[in-house]
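User: Hi! I'd like to go through this structure with you and ask how each label is earned. Could you take me through the reasoning?

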Amino acid sequence: MKPYDMGVLFDEAAERGHTTVVHLDRPLDLAPEDGTRWTVPALADLVATTAARLAAAGARPCDRVAVVKENHWDYDLLACAAVRAGAVPAQLSGQLEPAVLATLLARLEPAVLVTSAALLERCRATGNDLASLAGTTLTVDEAAPRAVPLADVAPGPAVHRRRHDDEPLVINHTSGTTGVPKLVVHSTRTIIRKLARFEAVPYPGIGVRRDDTLLHAGSYAHGRTFCWTGVAFSRAPEAMVLLSGADPDAADPLLRAHPPTIAEALPSTYVRLQELTSRLDNAFRRVRLFISTYDAVHPPTIRAYLAASRRRNPVWMQGWGQTETGPLTFRFHTRRSPGDGERTATARDLGRPIPVKTRLRVVDPRTQLPLPRGRTGLLQARTAALALGYVGEEDRWADKQHQGWWNTGDIGLLRRDGSVRLLDREVDNPGRISCLETEDRLEERLPEALECVVLGRPDDKDPLPVVVTRDGCLDPLRWKTAADGLPPLADPVVLTWDEVPRTGTGKVRRAALLRQLTGDSDTCGTGRWT
(Lines give C-alpha, C1' and ligand atoms only; values in the text may rest on other atoms or scores of the structure.)
Protein backbone atom coordinates (compact mmCIF):
# COMPACT_ATOMS: atom_id res chain seq x y z
CA MET A 1 0.00 0.00 0.00
CA LYS A 2 1.33 3.42 -1.00
CA PRO A 3 0.13 6.52 0.88
CA TYR A 4 -1.96 8.83 -1.29
CA ASP A 5 -5.41 10.02 -0.14
CA MET A 6 -4.98 10.95 3.52
CA GLY A 7 -8.75 11.25 3.94
CA VAL A 8 -9.19 7.49 3.58
CA LEU A 9 -5.73 6.33 4.72
CA PHE A 10 -7.13 4.29 7.61
CA ASP A 11 -10.02 2.88 5.58
CA GLU A 12 -7.62 1.56 2.96
CA ALA A 13 -5.34 0.08 5.62
CA ALA A 14 -8.32 -1.62 7.29
CA GLU A 15 -9.54 -3.02 3.94
CA ARG A 16 -6.11 -4.56 3.40
CA GLY A 17 -6.30 -6.27 6.77
CA HIS A 18 -3.60 -4.26 8.52
CA THR A 19 -3.46 -5.40 12.14
CA THR A 20 -1.29 -2.61 13.56
CA VAL A 21 -2.11 -1.76 17.19
CA VAL A 22 -1.53 1.81 18.41
CA HIS A 23 -0.56 2.41 22.05
CA LEU A 24 -0.86 5.93 23.50
CA ASP A 25 0.57 7.47 26.65
CA ARG A 26 -2.85 9.06 27.34
CA PRO A 27 -6.27 8.96 25.68
CA LEU A 28 -6.86 11.07 22.60
CA ASP A 29 -8.33 14.50 23.31
CA LEU A 30 -10.63 13.76 20.37
CA ALA A 31 -11.94 10.57 22.01
CA PRO A 32 -11.15 10.69 25.74
CA GLU A 33 -13.55 7.88 26.62
CA ASP A 34 -11.96 5.34 24.28
CA GLY A 35 -8.73 4.54 26.08
CA THR A 36 -5.14 4.26 24.94
CA ARG A 37 -5.25 1.22 22.64
CA TRP A 38 -6.49 1.60 19.07
CA THR A 39 -6.87 -0.70 16.08
CA VAL A 40 -6.86 0.40 12.44
CA PRO A 41 -10.64 -0.19 11.88
CA ALA A 42 -11.42 1.85 15.01
CA LEU A 43 -9.25 4.70 13.76
CA ALA A 44 -10.97 4.57 10.36
CA ASP A 45 -14.38 4.88 12.06
CA LEU A 46 -13.18 7.78 14.22
CA VAL A 47 -11.82 9.72 11.22
CA ALA A 48 -14.97 9.09 9.16
CA THR A 49 -17.27 10.21 11.98
CA THR A 50 -15.14 13.27 12.71
CA ALA A 51 -15.18 14.24 9.02
CA ALA A 52 -18.99 14.06 9.02
CA ARG A 53 -19.11 16.22 12.14
CA LEU A 54 -16.77 18.82 10.62
CA ALA A 55 -18.89 18.97 7.48
CA ALA A 56 -22.03 19.38 9.58
CA ALA A 57 -20.32 22.21 11.48
CA GLY A 58 -19.68 24.13 8.27
CA ALA A 59 -16.42 22.83 6.78
CA ARG A 60 -16.94 22.96 3.03
CA PRO A 61 -14.61 21.90 0.19
CA CYS A 62 -11.53 24.16 0.03
CA ASP A 63 -12.39 25.79 3.39
CA ARG A 64 -9.68 25.95 6.01
CA VAL A 65 -10.07 24.03 9.27
CA ALA A 66 -7.63 25.25 11.94
CA VAL A 67 -6.59 22.80 14.65
CA VAL A 68 -4.88 24.18 17.76
CA LYS A 69 -4.87 22.19 20.99
CA GLU A 70 -2.70 20.32 23.45
CA ASN A 71 0.00 18.16 21.87
CA HIS A 72 -1.23 14.71 20.85
CA TRP A 73 -1.45 12.51 17.76
CA ASP A 74 -5.12 13.36 17.20
CA TYR A 75 -3.82 16.47 15.42
CA ASP A 76 -3.24 14.14 12.47
CA LEU A 77 -6.57 12.34 12.89
CA LEU A 78 -8.36 15.71 12.80
CA ALA A 79 -6.31 16.69 9.76
CA CYS A 80 -7.25 13.46 7.96
CA ALA A 81 -10.90 14.09 8.84
CA ALA A 82 -10.74 17.61 7.41
CA VAL A 83 -9.09 16.27 4.25
CA ARG A 84 -11.85 13.67 3.92
CA ALA A 85 -14.44 16.46 4.15
CA GLY A 86 -12.66 18.30 1.32
CA ALA A 87 -11.29 21.05 3.57
CA VAL A 88 -7.68 22.10 4.14
CA PRO A 89 -6.45 21.46 7.69
CA ALA A 90 -4.13 24.03 9.26
CA GLN A 91 -2.28 22.58 12.25
CA LEU A 92 -1.12 25.16 14.81
CA SER A 93 0.84 24.29 17.93
CA GLY A 94 -0.95 24.98 21.18
CA GLN A 95 2.42 26.04 22.62
CA LEU A 96 2.50 29.20 20.53
CA GLU A 97 1.91 32.45 22.38
CA PRO A 98 -1.72 33.68 22.28
CA ALA A 99 -0.87 36.79 20.26
CA VAL A 100 0.98 34.65 17.71
CA LEU A 101 -1.97 32.27 17.44
CA ALA A 102 -4.28 35.21 16.87
CA THR A 103 -2.01 36.51 14.09
CA LEU A 104 -1.91 33.13 12.35
CA LEU A 105 -5.67 32.61 12.62
CA ALA A 106 -6.27 36.07 11.17
CA ARG A 107 -4.17 35.06 8.16
CA LEU A 108 -5.96 31.73 7.80
CA GLU A 109 -9.57 32.97 8.17
CA PRO A 110 -10.72 29.43 8.99
CA ALA A 111 -14.30 28.34 8.48
CA VAL A 112 -13.91 26.02 11.49
CA LEU A 113 -11.54 26.15 14.47
CA VAL A 114 -11.01 22.97 16.52
CA THR A 115 -9.42 23.68 19.88
CA SER A 116 -9.85 23.07 23.62
CA ALA A 117 -11.75 25.01 26.25
CA ALA A 118 -8.58 25.45 28.31
CA LEU A 119 -6.63 26.90 25.41
CA LEU A 120 -9.47 29.29 24.53
CA GLU A 121 -9.52 30.52 28.12
CA ARG A 122 -5.74 30.91 28.27
CA CYS A 123 -5.79 33.05 25.14
CA ARG A 124 -8.86 35.02 26.19
CA ALA A 125 -7.12 35.94 29.46
CA THR A 126 -4.46 37.73 27.41
CA GLY A 127 -7.01 39.64 25.33
CA ASN A 128 -6.92 37.25 22.35
CA ASP A 129 -10.34 35.79 21.56
CA LEU A 130 -9.56 32.98 19.13
CA ALA A 131 -13.22 32.07 18.68
CA SER A 132 -13.85 35.47 17.08
CA LEU A 133 -11.39 34.60 14.29
CA ALA A 134 -13.27 31.58 12.92
CA GLY A 135 -16.69 30.98 11.44
CA THR A 136 -17.41 28.15 13.89
CA THR A 137 -15.41 27.10 16.94
CA LEU A 138 -15.48 23.53 18.25
CA THR A 139 -13.79 22.13 21.33
CA VAL A 140 -12.46 18.62 21.82
CA ASP A 141 -13.60 18.70 25.43
CA GLU A 142 -16.20 20.81 27.23
CA ALA A 143 -18.24 23.76 26.03
CA ALA A 144 -16.76 27.25 26.18
CA PRO A 145 -17.99 30.76 25.36
CA ARG A 146 -18.78 30.94 21.62
CA ALA A 147 -17.71 27.31 21.20
CA VAL A 148 -19.48 23.94 21.28
CA PRO A 149 -18.01 20.47 21.84
CA LEU A 150 -17.24 18.60 18.63
CA ALA A 151 -18.87 15.51 20.14
CA ASP A 152 -22.18 17.41 20.38
CA VAL A 153 -22.29 18.04 16.63
CA ALA A 154 -24.57 15.49 15.00
CA PRO A 155 -22.66 13.90 12.12
CA GLY A 156 -24.27 14.33 8.73
CA PRO A 157 -23.97 11.92 5.80
CA ALA A 158 -20.62 10.26 5.22
CA VAL A 159 -18.28 12.52 3.26
CA HIS A 160 -15.25 11.93 1.07
CA ARG A 161 -14.06 14.47 -1.48
CA ARG A 162 -11.03 13.75 -3.61
CA ARG A 163 -8.78 16.60 -4.70
CA HIS A 164 -6.27 17.25 -7.46
CA ASP A 165 -2.66 16.47 -6.62
CA ASP A 166 -1.73 20.15 -6.89
CA GLU A 167 -4.54 21.55 -4.74
CA PRO A 168 -3.68 22.62 -1.18
CA LEU A 169 -3.78 19.59 1.12
CA VAL A 170 -2.44 20.73 4.49
CA ILE A 171 -0.99 23.84 6.13
CA ASN A 172 1.73 23.64 8.75
CA HIS A 173 3.77 26.33 10.39
CA THR A 174 7.52 26.63 10.66
CA SER A 175 9.24 26.37 14.02
CA GLY A 176 9.15 30.10 14.70
CA THR A 177 12.53 30.38 16.39
CA THR A 178 12.93 34.01 15.30
CA GLY A 179 9.37 35.38 15.46
CA VAL A 180 5.91 34.66 14.09
CA PRO A 181 6.04 31.33 12.22
CA LYS A 182 5.27 31.13 8.52
CA LEU A 183 2.22 29.17 7.35
CA VAL A 184 3.43 26.67 4.74
CA VAL A 185 0.98 25.18 2.22
CA HIS A 186 1.69 21.68 0.89
CA SER A 187 -0.18 19.70 -1.74
CA THR A 188 -0.69 15.97 -2.22
CA ARG A 189 2.06 16.05 -4.81
CA THR A 190 4.65 17.74 -2.59
CA ILE A 191 4.12 16.15 0.82
CA ILE A 192 2.65 12.75 -0.13
CA ARG A 193 3.86 11.85 -3.63
CA LYS A 194 7.33 13.39 -3.28
CA LEU A 195 8.01 12.86 0.44
CA ALA A 196 5.82 10.18 2.04
CA ARG A 197 5.97 7.77 -0.90
CA PHE A 198 9.75 8.08 -1.08
CA GLU A 199 10.02 7.29 2.63
CA ALA A 200 7.55 4.39 2.41
CA VAL A 201 9.87 2.36 0.18
CA PRO A 202 11.13 -0.69 2.15
CA TYR A 203 14.81 0.20 1.94
CA PRO A 204 17.12 -2.51 3.34
CA GLY A 205 18.04 -1.88 6.95
CA ILE A 206 16.04 1.33 7.40
CA GLY A 207 12.63 0.53 5.89
CA VAL A 208 9.62 -0.24 8.11
CA ARG A 209 8.93 -3.98 8.42
CA ARG A 210 5.80 -5.88 9.45
CA ASP A 211 7.41 -6.99 12.74
CA ASP A 212 8.47 -3.47 13.77
CA THR A 213 7.20 -1.45 16.71
CA LEU A 214 7.43 2.24 15.87
CA LEU A 215 7.92 4.94 18.48
CA HIS A 216 7.03 8.51 17.63
CA ALA A 217 7.42 11.34 20.13
CA GLY A 218 6.95 14.54 18.21
CA SER A 219 5.16 17.84 17.93
CA TYR A 220 2.01 16.67 16.21
CA ALA A 221 1.11 20.11 14.88
CA HIS A 222 4.02 19.97 12.44
CA GLY A 223 4.16 18.60 8.93
CA ARG A 224 6.69 15.88 9.76
CA THR A 225 4.15 13.88 11.78
CA PHE A 226 1.44 14.24 9.11
CA CYS A 227 3.87 12.74 6.61
CA TRP A 228 5.00 10.11 9.16
CA THR A 229 1.39 9.02 9.73
CA GLY A 230 0.95 8.43 6.01
CA VAL A 231 4.14 6.38 5.84
CA ALA A 232 3.58 4.35 9.01
CA PHE A 233 0.04 3.21 8.21
CA SER A 234 0.94 2.34 4.63
CA ARG A 235 3.64 -0.06 5.87
CA ALA A 236 1.54 -1.96 8.46
CA PRO A 237 4.03 -2.44 11.32
CA GLU A 238 3.09 -4.68 14.20
CA ALA A 239 2.60 -1.82 16.67
CA MET A 240 3.08 1.87 17.25
CA VAL A 241 3.78 3.79 20.45
CA LEU A 242 2.90 7.48 20.44
CA LEU A 243 4.05 9.86 23.17
CA SER A 244 2.41 13.23 23.67
CA GLY A 245 4.95 14.40 26.26
CA ALA A 246 8.59 14.00 27.26
CA ASP A 247 8.34 13.05 30.94
CA PRO A 248 10.71 10.07 31.28
CA ASP A 249 8.87 8.60 34.27
CA ALA A 250 5.56 8.68 32.37
CA ALA A 251 7.06 7.25 29.19
CA ASP A 252 9.14 4.48 30.79
CA PRO A 253 6.37 1.95 31.63
CA LEU A 254 4.78 2.25 28.18
CA LEU A 255 8.10 1.89 26.36
CA ARG A 256 9.17 -1.09 28.44
CA ALA A 257 5.80 -2.77 27.80
CA HIS A 258 6.13 -2.14 24.05
CA PRO A 259 9.86 -1.70 23.35
CA PRO A 260 10.33 -0.01 19.97
CA THR A 261 12.50 -1.22 17.12
CA ILE A 262 12.41 2.14 15.28
CA ALA A 263 12.38 5.37 17.29
CA GLU A 264 11.75 8.90 16.10
CA ALA A 265 11.58 11.87 18.45
CA LEU A 266 12.21 15.57 18.63
CA PRO A 267 15.84 16.41 19.49
CA SER A 268 14.63 17.99 22.74
CA THR A 269 12.63 14.87 23.56
CA TYR A 270 15.66 12.66 23.01
CA VAL A 271 17.46 14.84 25.55
CA ARG A 272 14.63 14.58 28.09
CA LEU A 273 14.30 10.79 27.70
CA GLN A 274 18.03 10.10 27.69
CA GLU A 275 18.06 9.06 31.34
CA LEU A 276 16.00 6.00 30.34
CA THR A 277 18.98 4.64 28.42
CA SER A 278 20.85 3.98 31.66
CA ARG A 279 17.99 2.38 33.57
CA LEU A 280 17.80 -1.35 34.16
CA ASP A 281 16.04 -3.11 31.26
CA ASN A 282 16.17 0.13 29.29
CA ALA A 283 13.31 0.90 26.95
CA PHE A 284 15.55 1.28 23.87
CA ARG A 285 17.15 -2.15 24.01
CA ARG A 286 15.49 -3.38 20.77
CA VAL A 287 15.94 -0.27 18.64
CA ARG A 288 17.73 -0.85 15.33
CA LEU A 289 17.06 2.61 13.88
CA PHE A 290 16.89 6.00 15.58
CA ILE A 291 15.61 8.94 13.51
CA SER A 292 16.04 12.62 14.28
CA THR A 293 14.79 15.63 12.35
CA TYR A 294 14.03 19.33 13.03
CA ASP A 295 17.43 20.09 14.56
CA ALA A 296 20.80 18.48 15.17
CA VAL A 297 21.24 16.19 18.16
CA HIS A 298 24.52 16.60 20.02
CA PRO A 299 27.00 13.69 19.86
CA PRO A 300 26.80 12.65 23.55
CA THR A 301 23.07 12.04 23.16
CA ILE A 302 23.55 10.03 19.96
CA ARG A 303 26.18 7.87 21.66
CA ALA A 304 23.97 7.23 24.68
CA TYR A 305 21.11 5.86 22.59
CA LEU A 306 23.28 3.78 20.27
CA ALA A 307 24.99 2.28 23.32
CA ALA A 308 21.61 1.49 24.89
CA SER A 309 20.56 -0.70 21.97
CA ARG A 310 21.39 -4.38 22.25
CA ARG A 311 21.32 -4.75 18.48
CA ARG A 312 24.63 -5.57 16.87
CA ASN A 313 24.69 -2.57 14.53
CA PRO A 314 22.10 0.06 15.44
CA VAL A 315 21.96 3.15 13.22
CA TRP A 316 21.11 6.78 13.89
CA MET A 317 19.64 8.55 10.84
CA GLN A 318 19.92 12.32 11.01
CA GLY A 319 17.81 14.30 8.56
CA TRP A 320 18.17 17.97 7.69
CA GLY A 321 15.46 19.92 5.94
CA GLN A 322 12.71 22.46 6.44
CA THR A 323 8.93 22.57 6.61
CA GLU A 324 8.95 24.13 3.15
CA THR A 325 11.13 21.45 1.54
CA GLY A 326 10.97 18.26 3.56
CA PRO A 327 14.30 16.45 4.12
CA LEU A 328 17.22 17.64 2.00
CA THR A 329 20.08 15.51 3.33
CA PHE A 330 20.58 12.37 5.40
CA ARG A 331 23.51 11.24 7.47
CA PHE A 332 23.92 7.91 9.23
CA HIS A 333 25.73 7.52 12.55
CA THR A 334 26.92 4.23 14.00
CA ARG A 335 28.54 3.54 17.34
CA ARG A 336 31.83 4.64 15.83
CA SER A 337 30.89 7.76 13.86
CA PRO A 338 29.95 10.28 16.61
CA GLY A 339 33.47 9.79 18.04
CA ASP A 340 34.54 10.19 21.63
CA GLY A 341 36.66 13.32 21.21
CA GLU A 342 35.65 16.83 20.30
CA ARG A 343 37.59 16.93 17.03
CA THR A 344 35.51 14.10 15.58
CA ALA A 345 32.30 14.63 17.52
CA THR A 346 29.90 16.88 15.67
CA ALA A 347 26.34 16.63 14.45
CA ARG A 348 26.85 19.57 12.07
CA ASP A 349 28.05 17.33 9.24
CA LEU A 350 24.69 16.73 7.59
CA GLY A 351 25.65 14.14 5.02
CA ARG A 352 24.87 14.40 1.31
CA PRO A 353 21.81 15.56 -0.61
CA ILE A 354 19.19 12.88 -1.16
CA PRO A 355 20.11 11.26 -4.49
CA VAL A 356 17.91 12.28 -7.44
CA LYS A 357 15.58 14.17 -5.07
CA THR A 358 17.52 17.27 -4.05
CA ARG A 359 20.37 19.52 -5.18
CA LEU A 360 22.29 21.97 -3.01
CA ARG A 361 24.57 24.90 -3.65
CA VAL A 362 26.26 27.65 -1.62
CA VAL A 363 25.95 31.30 -2.64
CA ASP A 364 27.33 34.63 -1.52
CA PRO A 365 24.71 36.23 0.79
CA ARG A 366 25.11 39.64 -0.88
CA THR A 367 25.32 38.75 -4.57
CA GLN A 368 23.51 35.37 -4.65
CA LEU A 369 26.33 34.14 -6.91
CA PRO A 370 27.44 30.50 -6.45
CA LEU A 371 30.58 29.86 -4.41
CA PRO A 372 33.10 27.04 -4.99
CA ARG A 373 33.25 23.95 -2.79
CA GLY A 374 34.74 24.63 0.63
CA ARG A 375 33.61 28.26 0.78
CA THR A 376 31.13 29.38 3.44
CA GLY A 377 27.88 31.01 2.37
CA LEU A 378 24.11 30.63 2.21
CA LEU A 379 22.80 27.15 1.49
CA GLN A 380 20.23 26.96 -1.31
CA ALA A 381 18.24 23.92 -2.37
CA ARG A 382 16.33 22.68 -5.39
CA THR A 383 13.64 20.05 -4.80
CA ALA A 384 10.38 18.93 -6.40
CA ALA A 385 8.91 18.69 -2.89
CA LEU A 386 8.97 22.46 -2.39
CA ALA A 387 5.71 23.70 -0.89
CA LEU A 388 3.19 25.88 -2.72
CA GLY A 389 3.75 29.06 -0.69
CA TYR A 390 3.11 30.97 2.53
CA VAL A 391 -0.40 31.99 3.61
CA GLY A 392 -0.62 35.79 3.70
CA GLU A 393 3.10 36.33 3.05
CA GLU A 394 3.48 35.97 -0.71
CA ASP A 395 6.28 38.58 -0.93
CA ARG A 396 8.27 36.76 1.74
CA TRP A 397 7.90 33.51 -0.20
CA ALA A 398 9.07 35.14 -3.41
CA ASP A 399 12.08 36.72 -1.66
CA LYS A 400 13.36 33.30 -0.60
CA GLN A 401 13.51 32.01 -4.18
CA HIS A 402 16.21 32.82 -6.71
CA GLN A 403 16.23 31.40 -10.23
CA GLY A 404 14.60 28.15 -9.17
CA TRP A 405 16.63 27.78 -5.97
CA TRP A 406 15.21 27.94 -2.44
CA ASN A 407 17.13 29.91 0.15
CA THR A 408 17.25 27.88 3.36
CA GLY A 409 18.57 30.78 5.45
CA ASP A 410 21.34 28.52 6.78
CA ILE A 411 25.05 29.30 6.68
CA GLY A 412 27.25 26.37 5.71
CA LEU A 413 29.54 24.89 3.09
CA LEU A 414 29.73 22.03 0.61
CA ARG A 415 32.82 19.85 0.75
CA ARG A 416 34.51 18.40 -2.29
CA ASP A 417 32.74 15.06 -1.72
CA GLY A 418 29.35 16.81 -1.80
CA SER A 419 28.65 16.56 1.92
CA VAL A 420 27.14 19.50 3.80
CA ARG A 421 28.46 21.20 6.93
CA LEU A 422 26.05 23.49 8.76
CA LEU A 423 27.48 26.39 10.75
CA ASP A 424 24.54 28.55 11.88
CA ARG A 425 21.30 30.17 10.84
CA GLU A 426 22.17 33.34 8.90
CA VAL A 427 20.28 35.44 11.42
CA ASP A 428 22.33 34.00 14.32
CA ASN A 429 25.81 33.74 12.79
CA PRO A 430 28.34 36.18 14.34
CA GLY A 431 30.86 35.45 11.61
CA ARG A 432 33.83 34.87 13.90
CA ILE A 433 32.74 31.45 15.15
CA SER A 434 30.06 28.84 14.55
CA CYS A 435 27.71 28.99 17.52
CA LEU A 436 26.42 25.48 16.75
CA GLU A 437 29.86 23.86 16.63
CA THR A 438 30.84 25.63 19.83
CA GLU A 439 27.73 24.14 21.46
CA ASP A 440 28.82 20.66 20.37
CA ARG A 441 32.24 21.13 21.95
CA LEU A 442 30.77 22.48 25.20
CA GLU A 443 28.39 19.53 25.50
CA GLU A 444 31.30 17.15 25.04
CA ARG A 445 33.10 18.81 27.94
CA LEU A 446 30.04 19.28 30.20
CA PRO A 447 28.21 15.96 30.42
CA GLU A 448 26.15 17.37 33.30
CA ALA A 449 24.54 19.87 30.89
CA LEU A 450 21.19 19.00 29.38
CA GLU A 451 21.89 21.53 26.64
CA CYS A 452 24.34 24.28 25.75
CA VAL A 453 23.25 27.30 23.71
CA VAL A 454 25.64 29.92 22.34
CA LEU A 455 23.93 33.18 21.40
CA GLY A 456 25.67 35.31 18.81
CA ARG A 457 25.62 39.09 19.39
CA PRO A 458 26.37 41.95 17.00
CA ASP A 459 28.84 44.82 17.42
CA ASP A 460 31.81 42.57 18.26
CA LYS A 461 30.29 41.49 21.57
CA ASP A 462 31.43 38.08 22.73
CA PRO A 463 28.81 35.36 22.18
CA LEU A 464 26.74 34.61 25.28
CA PRO A 465 26.79 30.95 26.40
CA VAL A 466 23.76 29.48 28.18
CA VAL A 467 24.15 26.18 30.02
CA VAL A 468 20.96 24.27 30.80
CA THR A 469 21.17 21.90 33.77
CA ARG A 470 18.60 20.02 35.81
CA ASP A 471 18.98 22.27 38.87
CA GLY A 472 20.18 25.51 37.25
CA CYS A 473 23.62 25.19 38.85
CA LEU A 474 27.11 24.79 37.40
CA ASP A 475 30.48 24.68 39.15
CA PRO A 476 32.46 27.77 37.96
CA LEU A 477 35.63 25.68 37.81
CA ARG A 478 33.91 23.17 35.54
CA TRP A 479 32.95 26.03 33.21
CA LYS A 480 36.46 27.45 33.18
CA THR A 481 37.86 24.07 32.20
CA ALA A 482 35.19 23.53 29.53
CA ALA A 483 35.74 26.95 27.93
CA ASP A 484 39.53 26.59 27.83
CA GLY A 485 40.78 26.80 24.25
CA LEU A 486 37.43 27.87 22.79
CA PRO A 487 36.88 31.22 21.06
CA PRO A 488 36.23 34.12 23.47
CA LEU A 489 32.85 33.78 25.19
CA ALA A 490 31.01 35.93 27.71
CA ASP A 491 30.43 34.63 31.23
CA PRO A 492 27.83 31.84 31.10
CA VAL A 493 24.24 32.02 32.23
CA VAL A 494 22.97 28.82 33.86
CA LEU A 495 19.24 27.99 33.56
CA THR A 496 16.89 25.08 34.04
CA TRP A 497 15.07 23.50 31.10
CA ASP A 498 11.76 25.27 31.79
CA GLU A 499 13.43 28.69 31.96
CA VAL A 500 14.39 28.55 28.29
CA PRO A 501 11.79 29.81 25.74
CA ARG A 502 11.14 27.12 23.15
CA THR A 503 9.10 26.43 20.04
CA GLY A 504 6.53 23.65 19.78
CA THR A 505 9.31 21.37 18.50
CA GLY A 506 11.54 22.13 21.48
CA LYS A 507 13.95 24.38 19.60
CA VAL A 508 15.39 27.27 21.56
CA ARG A 509 13.92 30.60 20.54
CA ARG A 510 17.30 32.29 20.43
CA ALA A 511 16.14 35.87 19.92
CA ALA A 512 13.61 35.56 22.75
CA LEU A 513 16.24 34.02 25.04
CA LEU A 514 18.73 36.79 24.24
CA ARG A 515 16.07 39.42 24.95
CA GLN A 516 15.16 37.64 28.20
CA LEU A 517 18.78 37.66 29.40
CA THR A 518 20.06 41.00 28.08
CA GLY A 519 17.03 43.07 27.13
CA ASP A 520 18.40 43.22 23.57
CA SER A 521 17.45 40.91 20.70
CA ASP A 522 19.44 42.53 17.88
CA THR A 523 20.56 39.81 15.49
CA CYS A 524 23.93 39.23 13.87
CA GLY A 525 22.60 38.63 10.38
CA THR A 526 19.94 40.27 8.26
CA GLY A 527 17.22 37.75 9.05
CA ARG A 528 16.00 38.24 5.48
CA TRP A 529 15.64 34.51 4.80
CA THR A 530 14.17 33.34 8.11
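User: Which residues form one aromatic cluster?

Analyst: Happy to help, and please keep in mind that this is a predicted model. The cluster is made up of Tyr-270, Phe-284, Phe-290, Tyr-305 and Trp-316.

User: Why is the pair of Tyr-270 and Trp-316 called tilted?

Analyst: The ring centres lie 4.7 Å apart, and pairing requires centres within 6.5 Å. The planes meet at 45°; under 30 degrees would count as stacked and over 60 as edge-to-face, so this pair is tilted. Tyr-270 belongs to helix H9 (residues 267-273) and Trp-316 to strand E14 (residues 315-322), so the pair ties together parts 46 residues apart in sequence.

User: What makes Tyr-270 and Trp-316 count as buried?

Analyst: Buried means under 20% relative accessible area. Tyr-270 has 2% and Trp-316 has 0%, so both residues meet that cut-off.

User: Why is the pair of Phe-10 and Trp-73 edge-to-face?

Analyst: This is one of the 14 aromatic pairs found in the whole structure. The ring centres of Phe-10 and Trp-73 are 6.2 Å apart and the planes stand at 80°; the edge-to-face class begins over 60 degrees, so the label fits. Phe-10 sits in helix H1 (residues 9-15) and Trp-73 in the loop between E3 and H3, 63 residues apart. Phe-10 is buried at 1% relative accessibility, and Trp-73 is buried at 1% as well.

User: How do you know that H3 is largely enclosed by the rest of the structure?

Analyst: Eleven of its eleven residues are buried, so the description follows; among them are Asp-74, Tyr-75 and Arg-84. Helix H3 (residues 74-84) lies across strands E3, E4, E5 and E8, and runs at about 160° to E4. Just after H3, Gly-86 has a positive phi of about 95°.

User: What makes E7 and E19 the edges of the sheet?

Analyst: The open sheet has eight strands in the order E7-E6-E5-E3-E4-E8-E9-E19, with mixed pairing. Strands E7 (148-149) and E19 (389-390) each have a single partner strand, so one side of each is left without a neighbour in the sheet. Within the sheet, E5 and E6 pair in the parallel sense over four bridges, and Val-114 stands opposite Leu-138 in E6.

User: How do you know that the size agrees with a compact globule?

Analyst: For 530 residues, such a globule would have a radius of gyration near 24 Å; the protein has 23 Å, which agrees.

Notes
Residues numbered from 1 in each chain as written. Predicted model: local features only at pLDDT ≥ 70, side-chain atom pairs only at ≥ 80, totals over all residues. Heavy atoms only, no water. Pairing = 2+ DSSP bridges. Helix = DSSP H or I, 4+ residues; strand = E, 2+ residues; numbered from the N terminus. Contact = heavy atoms within 4.5 Å. Axes fitted to C-alpha atoms, helices over the stretch in contact; angles between N-to-C directions. Buried < 20%, exposed > 50% of the residue type's maximum accessible area, 1.4 Å probe, protein only. Rg over C-alpha atoms; globule rule 2.2 N^0.38 Å. Phe/Tyr/Trp six-rings, centres within 6.5 Å; stacked < 30°, edge-to-face > 60°.
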